[in-house]
Every structure is written in C-alpha cells, then in structure tokens.
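Student: Please take a close look at a single helix in this model and describe what its residues do in the packing and on the surface.

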Amino acid sequence: MSIRMIAIELYQLIREVEKLEQKIDDTPWEKQADMTDQLRKLKAERDRMQKVLDGCKEPKWGPHY
C-alpha cells in the first residue's frame, strides 16, 4: 500500500472517530455502551494506521551523518 493510500485511510479513520465521539456526546448515557465499544475499536485501528504511516516515513537504511 502506498504512503498516499495509508494517509487517506488514516484521514478517514480520524474523521470516523470524530463523528462517533460527537454522536456519543449527543446520545443518552444508557444507550452509549455499543457505541463506546465501536469507538474503542476505531481508535485502535486509527492508531495502528498512524504507526504504519510513521513506519513508512522512516528511512529503511538508517540515519546518515
């Protein structure tokens, strides 16, 4: 997967997390359980994709001095 595709996927995940957080804020407490679990999973996927992107930006040959 190219860096651009990873970045696009990461951006979409960030937007989904933001939308779900807002939806949870607007939902009564007693109905938030399923959404909170979904939010946890989305955040984990977002963080994983961020690490993939960060890893792609690292040079594979090590630092040059």
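Tutor: What follows is an account of helix α1. The model is predicted, so local features need pLDDT of at least 70 and side-chain atom pairs count only at pLDDT 80 or more, while totals for chains, interfaces and linings use all residues. Residues are numbered from 1 along each chain as its sequence is written, and side-chain values use heavy atoms, with hydrogens and water left out.

Helix α1 (helices are DSSP runs of H or I, at least four residues, numbered from the N terminus) has 23 residues. From first C-alpha to last, α1 reaches 33 Å, close to the 33 Å expected at 1.5 Å a residue (1.5 Å times one less than the number of residues).

Its buried residues are Ile-6, Leu-10, Leu-13, Val-17, Leu-20 and Ile-24 (buried means under 20% relative accessible area, exposed over 50%, partly exposed in between, with a 1.4 Å probe and protein chains only). These buried residues of α1 pack against α2. Leu-20, leaving aside neighbours within four places in sequence, is in contact with Met-35, Gln-38, Leu-39 and Leu-42 (contact means heavy atoms within 4.5 Å).

The largest nonpolar core has 11 residues, among them Leu-20, Met-35, Leu-39 and Leu-42 (such a core is a set of buried Ala, Val, Leu, Ile, Met, Phe, Trp, Tyr and Cys residues joined through side-chain atoms within 4.5 Å). Both α1 (3-25) and α2 (33-57) supply at least two residues of this core, and α1 gives the most, with 6 residues.

Ile-8 also lies in α1, but counts as partly exposed because its relative accessibility is 34%.
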